[in-house]
Amino acid sequence: MSTYLVFGSTGNVGRRVVERLSWSGAAVRATSRRPESARLPEGVEVVAPDLTAPGVMDGVEAVFLMWPFHSDELAAPYLDAIKRGARRVVFMTGGGVRPELPPERQPNPVARWHATVEHLIRESGTEWTVLSPSTFMVNTLWWADQIRAGDTVRGAYGSVAMTPIHEDDIAAAAVSALTGPGHAGRRYTLTGPEVLTQAEQVRVIGEAVGRPLRWQELTREEERARLLADPSFPDSFVDELLDGYATMASAPPPSVTPAVEEITGTPPATLAAWAVEHAAAFERFLP
């Protein structure tokens, strides 16, 4: 039986890729930096994300790759190992990669790492597919503490428009590309079914959980101070996030693409549906 190797198996997308493959009866080998606490479906083989370890690439038919490092230093040896062992790789890119630009001209370090990996995949001779998803719906959980505490979400750049996508729709597209024909040499931009500003996302979540919610606009400096005071938010990411929002605010709004339905045969889920699924995360604190 062919084996599917899944990177990022405990993340929002990777876990769902593992689950979908496992439910289909496929043999799954999943990477995790903490294999002992991965809590994946029974029968899934969990290994460290080290492609040089004995047996990791044995019998692997295809690889779902999310880049697990904070640089592109290991990109070449990793892609060499994948090329030697697997016939197909599905890469989920990130960082706002602009595919028309070479890696060295990408807009930020994360985009440069991902663009480098994407370039090496394209040049590897391995059958490849690249998935470029829009903002994950699960990112709205950043607002959960504020929503549980009251009816107002405070933040900057409330007018920034996005096409939020359900993480399970990304996983479904990944599994289709891993296991089915017709996706080789394709680069798909995956989006949800609607364009929503941050302020509109808050309103939609409120409607889904049965509570009127509103967005309160902060200046960039007010939002920067708020994020730096939040112990759960990494200080090193604050300016990168705000710079990204500023860039998005000055750009034309994004467009919805038909890619999810084209790949999976099913329309992508709405944010309202996602919010109903996750309503417990937004329940008010009881006095």
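Okay, let's start with one helix pair: α2 and α3 cross in a right-handed sense. Keep in mind that what we have on screen is a predicted model.

So where do these two helices sit in the chain? Helix α2 covers residues 75-85, and helix α3 covers residues 109-123. In general, you describe two packed helices by the angle between their axes and the distance between those axes. For this pair, the axes cross at roughly 35° and come within 10 Å.

Which side chains are involved, then? On the α2 side you've got A75, A76 and L79, and they meet V117, L120 and I121 from α3. If you sort the residues of that contact by type, you get six nonpolar, no polar and no charged.

Okay, let's zoom out to the whole protein. Counting secondary structure elements, there are ten helices and eleven strands. The radius of gyration is 20 Å, and the globule rule gives 19 Å for 287 residues, so this thing is as compact as a globular protein of that length. If you'd rather think in boxes, the C-alpha atoms fill one of roughly 55 × 40 × 35 Å along the principal axes.

How much of the protein is buried? That's 47% of the 287 residues, with buried meaning under 20% relative accessible area. On the outside, the accessible surface comes to about 13,800 Å², and carbon and sulfur atoms make up 52% of that.

Last one, for the contact map people: take the contacts with a separation of 6 or more, and 74% of them are between residues 24 or more positions apart.

That's me done, happy to take questions.

Note on methods:
Residues are numbered from 1 along each chain as its sequence is written. This is a predicted model: local features need pLDDT of at least 70, side-chain atom pairs count only at pLDDT 80 or more; totals for chains, interfaces and linings use all residues. Side-chain values use heavy atoms; hydrogens and water are left out. Axes are lines fitted to C-alpha atoms, for helices over the stretch in contact, and angles run from 0 to 180 degrees between N-to-C directions. Helices (H or I, at least four residues) and strands (E, at least two) are DSSP runs, numbered from the N terminus. A crossing is left-handed if the near helix is turned anticlockwise from the far one by less than a right angle, and right-handed if clockwise. Contact means heavy atoms within 4.5 Å. Ala, Val, Leu, Ile, Met, Phe, Trp, Tyr, Cys and Pro count as nonpolar, Asp, Glu, Lys and Arg as charged, and the others, Gly among them, as polar. The radius of gyration is taken over C-alpha atoms; the globule rule is 2.2 Å times the number of residues to the power 0.38. Buried means under 20% relative accessible area, exposed over 50%, partly exposed in between (1.4 Å probe, protein chains only). Accessible areas come from the Shrake-Rupley method with a 1.4 Å probe; for residues, only the protein chains shown count as cover.
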